[in-house]
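Below are some comments for a colleague going through this model. They are set out as numbered points, each of which can be checked against the coordinates.

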Amino acid sequence: MKHLTLLSSIVLAGSAMLAGCASHPSTTTTTYSSIDTPVSGDYGTIDTIQVTHTEGGSKSGAGAVVGGLVGGLLGNQVGSGSGRTAATVAGAVGGAVVGNNVESNRSAPHDTYSISVRMDNGDYRTIVQDSIVDLRPGNRVRIVDGRAYRY
């Protein structure tokens, strides 16, 4: 009985100490602007657009390796016996071809566009995008997630 009382006292004291260490959330007030109110830092006018031709990167062969592994794993799920072996080999070869093509497309030469924007608040921003669709110098734009969109 004495051990039970001692154990209860230790548990009670430990609980009291932990409760005293707990942090209490502080109250903060956050003000949000309405959706219709534009933030001047998000809008601006395009000054210049410069095209940069990016050369294709070197191919590492990783696309073919990963594609072959995935294709082999998927092919191994089909059939049984020698049919399974044939499906595994066909999946590995097909996956390697597809993976190699994907890597080739990603490393192909392409154009990037550096868009200089004079923001409404007086700042200048340079946005780099892979396409400009219908953007021209003098257009009003809105910057969302690092991309310029016509406004």
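1. Leu74 has a relative accessibility of 57% and is therefore classed as exposed, the cut-off for that class being over 50%. The residue belongs to helix H2, which spans residues 62-75. Bear in mind throughout that this is a predicted model.

2. Leu74 is also part of a nonpolar surface patch, together with Val66 and Val70. The accessible area of the three residues together is about 280 Å².

3. The sheet is open and has five strands, in the order E3-E2-E1-E4-E5, with antiparallel pairing. Strand E3 (124-129) and strand E5 (147-150) are the edge strands, each pairing on one side only. From one strand to the next, the twist averages 40°. In general, the strands of a sheet pair through backbone hydrogen bonds, in either a parallel or an antiparallel arrangement.

4. Strand E1, residues 43-54, pairs with strand E2, residues 110-119, in the antiparallel sense, and 10 bridges connect them. Within this pairing, Val117 of E2 is found opposite Ile46.

5. E1 also runs antiparallel to E4, to which it is joined by three bridges. Here Thr45 has Arg140 of E4 as its bridge partner.

6. Which side chains of strand E4 are buried, and which are not? The side chains alternate along residues 140-144. Val141 and Ile143 are buried and point to one face. Arg140, Arg142 and Val144 point to the other face and are not buried. Arg140, the partner of Thr45, thus belongs to the set that is not buried.

7. Four bridges link E4 to E5, again in the antiparallel sense. Val144 is placed opposite Arg147 of E5. The hairpin formed by E4 and E5 has two residues between the strands, and Asp145 adopts a positive phi near 55° in this hairpin. That backbone angle is worth a look when the hairpin is inspected.

8. Is Asn139, in the loop between E3 and E4, buried or exposed? Its relative accessibility is 11%, so Asn139 counts as buried, given that the cut-off is under 20%. The side chain of Asn139 reaches the backbone nitrogen of Arg136 at a distance of 2.6 Å.

How values were computed
Residues numbered from 1 in each chain as written. Predicted model: local features only at pLDDT ≥ 70, side-chain atom pairs only at ≥ 80, totals over all residues. Heavy atoms only, no water. Pairing = 2+ DSSP bridges. Axes fitted to C-alpha atoms, helices over the stretch in contact; angles between N-to-C directions. Patch = residues over 30% accessible without salt bridge, like charges linked within 9 Å, V, L, I, M, F, W, Y side chains within 5 Å. Areas by Shrake-Rupley, 256 points an atom, 1.4 Å probe, with all protein chains shown as cover. Salt bridge = Lys/Arg side-chain N within 4 Å of Asp/Glu carboxyl O. Buried < 20%, exposed > 50% of the residue type's maximum accessible area, 1.4 Å probe, protein only. Polar contact = N/O pair within 3.5 Å; in protein donor to acceptor, adjacent residues only side chain to side chain.
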